[in-house]
Amino acid sequence: KNLKHEGEKLITTHCSYCGMQCGMHIRVSEKTGKIKGVEPRYDWPVTLGKLCPKGVTAYQQIDHPDRIKRPLIKKKGRFVESSWEEALSLIEKKFTELQDKHGKDSLSVFGGVSMTNEKCYLVGKYARVALGTRFLDYNGRFCMSSAAGGFMKTFGMDRGSTLPWTELEHSDCFLIAGSNTAECHPTSIQMFWKARDKGAKMIVVDPRETPTARIADVHLDLLPGTDSALANGLLHLLIKEDFVDKEYVENRCNNFEELKASVEPFTPEYTSQLTGVDKNKIIKAARIYGSSPRSVVMFARGVEQQSKGVDNVTLYTSLALLRGQIGKFASGVATFTGQGNGQGGREHGQKSDLLPGYRKITDPEAVKYISGVWGIDPEEMPKAGVSAFEMFDEIHKGTIRAMHVVCSNPAVSAPDAEYVWEAFKKLDFLVVNDFFLSETAEFADVVLPTTTWAEDEGTTTNLEGRVIRIRKSIEPLHESKTDWQIFKEIAARLGKGKHFDYSSPREIFEEFRLATKGGKADYSGITYERIDKEDGVFWPCPSEDHPGTPTVFKETFATPNGKANLPAVSWQEPDETPSEEFPIRLTTGRVVFHYLSGNQTRRIDFLMEQCPVPFAEMHPELASRYNMQDGEKIRVTTPRSTMELEVRLTKATRNDIIFVPYHWGKELAVNKLTNAALDPTSRMPEFKVCAARIEKLEQK
Ligand code: SF4
C-alpha cells in the first residue's frame, strides 16, 4: 500500500495507548516539521494495519493547545509559569529540606507504565539512588499486579502471555474472562474472528453482554466478584468429565490432588447458586473448553481488580494447566495488558519490592548485583516499600511528606478517590511530570512539562512479551523535556549525577540490558538493531545469539522444581457485599473511546463527542423497580461517597448491578465510590465490585 503523502515523511512507531501497541507510521511534513496524522502499519505482524478510534486520533494530543509549555510553580494557590532553573532549584531545596528534617523515606515516587522501558527502569533507579527512598510504587499496581502475582505463584515467572498472538488465529477455543477486549483492545478482535472463521469457539465471562460477549458461543454472565466460584466450578467439571490431560499434569504440575479435593464441592448447581449463572451454560462452557485441542484462556481487569484477584488468576490459569495447554502452539494463557508498556513497565524495578529483571529487593544477591550495575554500595540500597495505595496511607500517617508523580494520574485512577485527594492536600510538596494538566497535577506544587511519545525514542514491551521500538518523530515541543532528562537533572542537583550520566535512551537501554541479565525478565540479548531487524524480540532473551522466547514454558516452568503449581483456592465473597442500605453491586470499566484516566482522550474532540460523560448503565428491570427512566439523572452512593449520573438502560447487563466507566475526574470520578480493599498478595484494590445504593433524583 502506498501510505506516503507528498511532502511528508513517515516515521515507523507504535500507538501510545494500550498493550496492543499497534504498528503505525506518523506522518510528518517535510516543510514544517509538524505532525499531520498517522497511517496504520500493514506489515506489523501483530495488528496488520488495524487501529482503533483512539489510535487514529492519538497524534492530535502532540500539538494540542492544552500541552504544558513551561514548568509551572504554584504561588498563592495559582500556577505560574517558570524557568526550568527556578523549578528544579525549588525541587532541590524542598527535597533536601524534607530529607534533612524527616529522613530519606519522607520522599516518595509514584511511577507509571505508559512510558518506555528506558524510563520505567530509570524511575526505580531515580527513587532508590537519587532520592534514596524506599517509598516507590506505580500505577501498574492498579492494573497488572494480580496477573503478575498469579503467574508468579503458578508459573514462577510473570510473562503476561505464554504464546505469541500471531498464533491466535490457529486456536480452537477462547475462554475470555473479565475482559471487554472489543472495546479495550479493539484491534485484537480480528484475531478472534480469523479463528472463528475456521470454527473456533468463544466463551466469555462477564456480568455484562459487552460487544465481546455478544459474539460468544457461551456467555457466562456471573455476578461481579464471583470469579473464583465460577473457575472452581469449571475445574470441577474438567475433572469430573475426564477432560484432564493426565500425563501433562503428572509430569508438569504440582498439587493436583489438593486442587481436585478443593473443587469437589463446586457442582454445577452450587456454582450456579454462587455465581448466578445458569448451570447448563456452565456445563456447556466446560465441555467446549475441555474438548478443544488448542485453547487459550485470556483475562483482564474484571478478574484481576478484586481483593481475591490473585486467586482468580491462579484458578483460571489452572484450567489451561489441567488441559495441558501451556507451552504449546496456539494454546496457553494470556492477559490483556491495559497500559501500553504494562508488561515491560512492571519488570524493571518500579514496584516497591522489585529490582530490574524481576529481582526481589529482599534477595541479598539481587541487591548486590544491581548495586554493582548502579555503582552504589549494597548497604545504600533502600529496603522494600509499600504498594501504590498504601503510599496514600503513609501520607495520611505523616511518614511520606513529598511525592514525585511520573506519567500517572492517581487522582482519577486510584480507588476511594476522596481519600487520595485528601492525601495529596496533606503533602508538604508534590511534583508531577506530565504533558497535560491532569487532576493529579492540579494538586501539585511544581509541574514539569514532559514530552509525548512522538518526541522521544526507546522501547516498550507489548502484551505478548515482544520488545519493540518507539521512534522519535519530532523534536520536543515548547520547553518540554523527557522524563529521563528530568531524572538526570534532579539527580545531579542532589549530588548523584555520576549515576545518571546518560546522553540518550540507547545508553539507558544498554545499562538496562546489563541490569536484567540473569534475572527472571532477561532482556540482555536484545539490541535496538535486533528489534529493527526482527520486528521485535521476545524476552526472555539471555544473549545476542538467543532467538528470544515467543512461547514460554515449552519444557519447564520457572518454579524451584520446574513444575507449575495448581493452588487450591477456597471460595470467598468480595470484601463488600450488598446490604439493606446498599443493595446493589456496582462494577466499573472502560469504554472504547477513552484510555485510562482520560487525561489524554478527554482532550480529543472526536472521542469526547462520542462519549463526553460517564453514565450508570443498568437493566430496565432494575430501573423500573426504582421508577427510573433512560437519560434521567440519579444518585449513586456507596459507603465512601456519592455522585450523580445519567441512567443508560440496556438489556445487555444483569438486572442486579450497575456499571459506570471510570475515565473522568473530580465530581465525575466513579473511583470516589470504589472500594480500596486490597488483595493480600498483589495489593490490588477491589475496583470491580462494591455495594451501592441508587436513588431517583427530583427531575427538574
Ligand atoms: Fe491499538 Fe490500543 Fe492504540 Fe487502539 S489504543 S490503536 S488497540 S494500541
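Axes are taken here as lines fitted to C-alpha atoms, for helices over the stretch in contact, with angles running from 0 to 180 degrees between N-to-C directions. With that in hand, the predicted model can be read through one pair of helices and one sheet.

The helix pair comes first. Helix α8, spanning residues 227-240, and helix α11, spanning residues 268-275, have axes that come within 9 Å and cross at roughly 165°. Since angles over 145 degrees count as roughly antiparallel, α8 and α11 are therefore roughly antiparallel to each other. The crossing in which α8 passes α11 is left-handed. On the α8 side, the contact is made by Ala229, Leu230, Gly233 and Leu237; on the α11 side, Pro268, Thr271, Leu274 and Thr275 meet them. By character, the residues of this contact between α8 and α11 divide into 5 nonpolar and 3 polar, with no charged residue.

Attention now turns to the sheet. Three strands form an open sheet in the order β1-β2-β3, and their pairing is antiparallel. The edges are held by β1 (8-14) and β3 (35-40), each of which has a single partner strand, so one side of each is left without a neighbour in the sheet. Neighbouring strands of this sheet are turned against each other by 30° on average, direction ignored. A look at one of the pairings adds detail: β2, which covers residues 23-29, pairs with β3 in the antiparallel sense over 5 bridges. Within the sheet, Met24 stands opposite Pro40 in β3.

Conventions. Residues numbered from 1 in each chain as written. Predicted model: local features only at pLDDT ≥ 70, side-chain atom pairs only at ≥ 80, totals over all residues. Pairing = 2+ DSSP bridges. Helix = DSSP H or I, 4+ residues; strand = E, 2+ residues; numbered from the N terminus. Parallel < 35°, antiparallel > 145°, perpendicular 65-115°, else oblique. Left-handed = near helix turned anticlockwise from the far one by under 90°. Contact = placed C-beta atoms within 7 Å. Nonpolar A, V, L, I, M, F, W, Y, C, P; charged D, E, K, R; others polar.
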